[in-house]
Amino acid sequence: MTKQDQAIASTEPAPAPQKKVSLALQGGGSHGAFTWGVLDALLADGRLDIEAITGTSAGAMNAVAFADGFAQGGAAGARKKLEVFWRAISDTGVLTPVQQDVLSPFLGALKQQNSPMHWWGDFLTHYASPYEFNPLNINPLKLQLETLIDFDKVRACEDLKVFIAATNVHNGKIKVFERGELTTQHVLASACLPLLFQAVEIDGVPYWDGGYMGNPALFPLFYKTAASDVILIQINPIERKETPKTARDIQNRLNEISFNGALMGELRAVATINKLIEQGHLSTDHYKYQMLHRIDADAELLKFGAASKMDASWELISKLHGIGVKAGQDWLNANFDAIGVRGTLNLREAFA
């Protein structure tokens with residue numbers, strides 16, 4: 001390089017440093033493909049330094065796929081692994097022939113929202129337990145996780161903190177597992193819907209879906225990370241304008257409310273702590289002021305019924321991915337400058 005070239009190079013602005021954030025990924029069955037789309041957009045943009053991810057159910061799956069890919073190839077590796085994972089769990093790859101024989105009548109009936117078979121599947125899952133209709137304890141995600149995710153790499157990915165939540169069946173408390181201990185069983189526990197699958201045992205303790213007690217769990221990000229900015233990628237709508245009238249719609253809305261309940265509680269707690277810090281009643285020497293952000297697409301996701309969360313068709317998954325990409329890009333364009341400065345989720349207005 002000549003002296004002239006060096007002089008020109010020295011006048012070029014240095015690339016802006018990445019902004020450090022943590023991600024919180026909700027669960028919601030195949031609607032987790034929306035989260036994949038958001039992650040795809042954030043990673044492609046390249047301006048975020050993702051310190052940690054907390055996830056539940058489908059959010060846990062996205063988290064381990066992200067960590068596996070990131071450990072092998074950085075942001076590009078994470079994007080590639082997420083795409084491979086979601087393509088594999090579509091209908092073309094999720095069930096072996098034996099699994100289809102056992103579970104397809106139930107999973108297929110549940111996702112056909114307007115068919116008589118939906119009512120039959122709904123009846124069976126409410127009046128027959130998975131210990132009765134699934135005595136072999138077949139979980140179609142188990143083989144995919146074992147095949148697609150290298151948990152040795154996940155556990156060794158020291159550049160990323162990962163937290164996965166499950167619900168302890170015996171005491172009803174949340175259990176958060178961390179990256180260094182994660183296996184297939186931990187992800188299956190986080191995604192264990194008790195009406196479809198037998199409880200997942202880890203060290204002799206049975207676990208159900210983490211969404212009942214934390215969807216996702218935010219508190220690990222407050223105590224175990226340096227980032228003050230948390231981006232919540234939300235699948236389940238907080239608000240629906242219509243009043244459900246049918247038994248099925250009532251049950252679906254109850255599920256949405258219960259799966260948002262713990263999250264609402266944590267966000268209210270954040271709002272309270274932030275307010276006390278602002279008023280000088282709490283010191284930042286002992287408490288961290290949290291800047292919360294949210295990426296959602298309620299207007300789009302509300303168009304899909306709750307039963308579609310059981311639909312693993314590539315047509316739906318790719319559509320949700322596209323919605324997520326746009327939501328992620330739109331959010332970055334509107335809010336990137338606020339990261340590290342202020343939260344863009346008005347906690348008092350939304351949850352207080």
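## Aromatic pairs

A search of the whole structure turns up four aromatic pairs. This is a predicted model, and two of those pairs make a good place to start exploring. A pair of aromatic rings is described by the distance of the centres and the angle of the planes.

Let's begin with Trp36 and Trp314, whose rings form a tilted pair: the centres are 6.2 Å apart and the planes meet at 40 degrees. Trp36 belongs to helix H2 and Trp314 to helix H13 (residues 314–335), so this pair ties together parts that are 278 residues apart in sequence. How accessible is Trp36? Its relative accessibility is 4%, so Trp36 counts as buried. Trp314, with 27% relative accessibility, counts as partly exposed.

The pair of Phe66 and Phe70 is stacked, with 6.0 Å from centre to centre and 15 degrees between the planes. Both residues sit in helix H3 (residues 58–88), four residues apart, which is about one turn of the helix. An α-helix has 3.6 residues a turn, so residues three or four places apart point the same way. Phe66 counts as buried at 1% relative accessibility, while Phe70 is partly exposed at 26%.

## Helix H2

Trp36 brings us back to H2, the helix that covers residues 32–45. What span should its 14 residues have? At 1.5 Å a residue the expected value is 20 Å, and the C-alpha atoms at the two ends are indeed 20 Å apart, so the two agree.

Is H2 enclosed or open? Of its 14 residues, 12 are buried, so the helix is largely enclosed by the rest of the structure. Among the buried residues are Gly32, Ala33, Phe34, Trp36, Asp40 and Leu43. After H2 comes Gly46, which has a positive phi near 80 degrees.

## A cavity inside

Next, a look for hollow space. Rolling a probe the size of a water molecule over the atoms shows where empty space is left. How many cavities of 30 Å³ or more does the structure hold? There is one, and the space in the largest cavity comes to about 70 Å³.

The residues that line the largest cavity include His31, Ile235, Asn236, Pro237, Arg240 and Glu256. Leu301, Leu302, Phe304, Gly305, Ala306 and Lys309 are also part of its lining. By type, the lining residues divide into six nonpolar, three polar and three charged.

## Cysteines

How many disulfides does the structure hold? The number is zero. Two cysteines can still be placed by their accessibility: Cys157 is buried, with a relative accessible area of 5%, and Cys192 is buried too, with a value of 0%.

## Backbone details in the loops

Most residues other than glycine have a negative phi, and most peptide bonds are trans. A few places in this model depart from that pattern.

The peptide bond that joins Asn215 and Pro216 is cis, with omega at about -5 degrees. Pro216 lies in the loop between strand E6 (205–209) and helix H10 (219–223).

Ser57 has a positive phi, near 55 degrees, and is found in the loop between strand E2 (48–55) and H3. With a relative accessibility of 9%, Ser57 counts as buried. Asn137 likewise has a positive phi near 55 degrees. Its place is the loop between helix H6 (130–133) and helix H7 (140–148). Is Asn137 buried or partly exposed? Asn137 is partly exposed, with a relative accessible area of 38%.

Technical notes
Residues are numbered from 1 along each chain as its sequence is written. This is a predicted model: local features need pLDDT of at least 70, side-chain atom pairs count only at pLDDT 80 or more; totals for chains, interfaces and linings use all residues. Side-chain values use heavy atoms; hydrogens and water are left out. On a 1 Å grid over the protein atoms alone, a cavity is a set of points where a 1.4 Å probe fits but cannot get out, and a pocket is an open set with protein on both sides within 12 Å along at least five of seven lines; lining residues have an atom within 4 Å of a point. Grid points are joined across faces, edges and corners, and a volume is the space filled by probe spheres set on the points. Ala, Val, Leu, Ile, Met, Phe, Trp, Tyr, Cys and Pro count as nonpolar, Asp, Glu, Lys and Arg as charged, and the others, Gly among them, as polar. The expected span of a helix is 1.5 Å times one less than its number of residues. Buried means under 20% relative accessible area, exposed over 50%, partly exposed in between (1.4 Å probe, protein chains only). A disulfide is a pair of cysteine sulfur atoms within 2.5 Å. Rings of Phe, Tyr and Trp (its six-membered ring) pair if their centres lie within 6.5 Å; planes under 30 degrees apart count as stacked, over 60 as edge-to-face and the rest as tilted.
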